[in-house]
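Q: Could you walk me through this structure one feature at a time, giving the general idea before the case at hand?

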Amino acid sequence: MQLESMYQEIILDHYKNPHGRGLRDPFDAEVHHVNPTCGDEVTLRVKIDGDTIADVSYEGMGCSISQASISAMYDLVVGKPVSEALGTGEHFMTLMQAKGDPAVAEKLEDELEDAVAFAGVSKYPARIKCALLSWMALKDASARAVSTAGGQS
Amino acid sequence: MTQTVSRPGAGAQRAPLPLDIEAIRADFPILTRTVRDGKRLVYLDSGATSQKPRQVLDAERWFYENVNAAPHRGAHQLAEEATGAYEEARAKIGAFIGAPESEIVFTRNTTEAINLVAYALSNARTAKEPEFRTYAVGQGDEIVVTEMEHHADLIPWQQLCERTGATLRWLGLTDEGRLDLSDLSTVVNERTKLVAVTQQSNILGTINPLGDIVARAHEVGALVLVDGAQSVPHQPVDVQSLGADFLVFSGHKMLGPTGVGVLWGRYEVLDKLPPFLTGGSMIEVVRMEGSTFMPPPQRFEAGVPMTAQVIGLGAAVDYLQALGMDKVEEHEKALTAYALEKLAEIPGVTVIGPPDTVARGGAISFTVEDIHPHDVGQVLDDLGIAVRVGHHCAWPVVRRYGVPATTRATFYVHTGYDDIDALADGIRAAQKFFGTV
């Protein structure tokens, strides 16, 4: 079975015990993203404090990969400056484009922490979108939150 | 055949299969390849697209190697032969559904066939020829669909209503996965211009009682379009007994090539429809000021057609007819009965759709408790089993039954009990992998 390469223990742990799940107030932006090919959905809120992501809260419906990816992302971005969080998102995108190349995963280990476990997903083109759903939602929500915050100040 | 005698510990019953699957499998080159590190390909996704027997591939190759030319153009020998082969296939495909060749229009697929009708009904509003305005749809008119439709038989009608100001109405579903016809006589009424309904649901497997719907629609003067994408490949369909005005289906789901679909229309209806796509070979006389159009079916076939694909579909029809559509239907019914029993034996598996083979085809959608369908599909894929996961282009259906998505297995002429055993074992493997049992 090659399954273990995709479903790393860390991924299954995040899936079964998601970190930061639930929608919380206050928030600066809320987005709803769907993966139209399969119906995965996520509603994601971002609270920005200065230029730091103070909270990311979410509700979602989808497969283990999409749900675990949100949980791992939560751990990575909360408390980080927006720019750093988006940079991490870029690293995650690079990992998803790596077609399972272990060298890429190794290089990104420090930046991506638990999320580097998703390296195996990059071998399965049909599942990459599942892993990216939350990161796309975060990028969108952050942009909206920053523009809202910018408008207020 | 649908009767199953359950003896304690006997497990699911295997009725003798009417088709010789070993001989049939030998006709499908793709079934000899392996997937995911040497595993036998268990192809249970024929509902999405069917595999192709060598006879169909050979027919396409024969055309390109021996006859290739643009049909209905040119007077050289190849052009004549290409036209002959193309029209011969049309006649053959028409006969397959009991229709004369003049009523067979080739499209790209079912989706395009439905769009052709939907656009013809809105183009009718502005047609300069009075007879082309016969079926014009506008404000105050209603189009009726069902909650069971594939997106291909839903979105074109939503869009037609948006273009014309008509209202979309629909028949709902019962908890058992059948059409709720209790309000048929109010939903289909004097304002109804067209009723679009699937013959066999691509997600639930339900076979719909079209007789009642056609009778009511015609009673109020509405046209009926039947989506046969999942029925024509799997059961005998005869347009004369169907009684509808349009039947649409795709070649690629019935052993034929991609890129060819069929719109059957009652000639007197087709004859009053304006064209959808326009251009070469659908015209009668062209002047800079304006043009007139050919009678059906040419009126609806603008441009050089998908000739090799039509010829391939003709070969697919030959193949299916040699097997016998009665036998194909019976074969799938036996498999469906067996699969429903095998799935019922697995704790945590719920079938979305009719639980027995009464008025039911071979599309079996199911959920596995606490495992998302994508994850079920991934484990099955790892074992070499190809199924479809997701909302199956029928989002309202999964929403109606309160599930985010399903896993779907579909069968065809090469499917055997061994494939279904592999599926059942695969589901148990998924449960074990995700620790839900």
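Q: What radius of gyration would a compact globule with 153 residues have, and what does chain A have?
A: The radius of gyration is taken over C-alpha atoms, and the globule rule is 2.2 Å times the number of residues to the power 0.38. For 153 residues a compact globule would have a value near 15 Å, and chain A agrees, with 15 Å. Along the principal axes, the C-alpha atoms of chain A fill a box of roughly 55 × 30 × 25 Å. This is a predicted model, in which local features need pLDDT of at least 70 and side-chain atom pairs count only at pLDDT 80 or more, while totals for chains, interfaces and linings use all residues. Residues are numbered from 1 along each chain as its sequence is written, and chains are lettered from A and ligands numbered from 1 in the order in which they are written.

Q: How many helices and strands does chain A have?
A: Helices (H or I, at least four residues) and strands (E, at least two) are DSSP runs, numbered from the N terminus. Chain A has seven helices and three strands, and along the sequence they follow the pattern α-α-β-β-β-α-α-α-α-α.

Q: What share of the residues in chain A is buried?
A: A residue is buried if 20 or more other C-beta atoms lie within 10 Å of its own, exposed if 12 or fewer, and partly exposed in between, with C-beta atoms placed from the backbone. In chain A, buried residues make up 41% of the 153 residues. Contacts are a separate matter: two residues are in contact if their C-beta atoms, placed from the backbone, lie within 7 Å. Among contacts in chain A between residues at least 6 apart in sequence, 64% join residues at least 24 apart.

Q: How many residues does each chain bring to the contact between chain A and chain B?
A: Chain A gives 12 residues and chain B gives 16 residues. To sort them by class, Ala, Val, Leu, Ile, Met, Phe, Trp, Tyr, Cys and Pro count as nonpolar, Asp, Glu, Lys and Arg as charged, and the others, Gly among them, as polar. On that scheme, the side of chain A that touches chain B has seven nonpolar, five polar and no charged residues.

Q: Into which domains is chain B divided, and how do they meet?
A: Domain bounds come from an automatic or database domain assignment, and here chain B is divided into domain 1 (21-53 + 324-433) and domain 2 (56-321). Taken over C-alpha atoms, the centres of the two domains of chain B are separated by 28 Å. In the contact, 28 residues of domain 1 of chain B meet 30 residues of domain 2 of chain B. The elements that give two or more residues to the domain 1 side are α11 (325-344), β14 (364-368), α13 (395-400) and β17 (406-409) of chain B, and the largest share, five residues, comes from α11(B). By class, this domain 1 side has 12 nonpolar, nine polar and seven charged residues.

Q: Why is the largest nonpolar core said to lie between domain 1 and domain 2 of chain B?
A: In soluble globular proteins, nonpolar side chains tend to be buried together. A nonpolar core is a set of buried Ala, Val, Leu, Ile, Met, Phe, Trp, Tyr and Cys residues joined through C-beta atoms within 7 Å. Of the 124 residues in the largest core, Val195(B), Leu225(B) and Leu247(B) touch the most other members, and helix α10 (residues 307-323) of chain B gives the most to this core, with nine residues. Both domains of chain B give residues to this core, so it lies between them. Leaving aside neighbours within four places in sequence, Leu247(B) is in contact with Ile97(B), Val226(B), Gly228(B), Val239(B), Leu242(B) and Trp264(B). Apart from the largest core lies another core, of 42 residues, among them Leu76(A), Leu95(A), Phe118(A) and Leu133(A).

Q: In which sense do strands β11 and β12 of chain B pair?
A: Two strands pair if DSSP finds at least two bridges between them. Strand β11 (residues 283-287) and strand β12 (residues 290-293) of chain B pair in the antiparallel sense over four bridges, and a hairpin of two residues joins β11(B) to β12(B). Ile283(B) has Phe293(B) in β12(B) as its bridge partner.

Q: Where is Pro297(B) found, and what is the peptide bond before it like?
A: Pro297(B) is found in the loop between β12 and α10 of chain B, and the peptide bond from Pro296(B) to Pro297(B) is cis, with omega near 0°.
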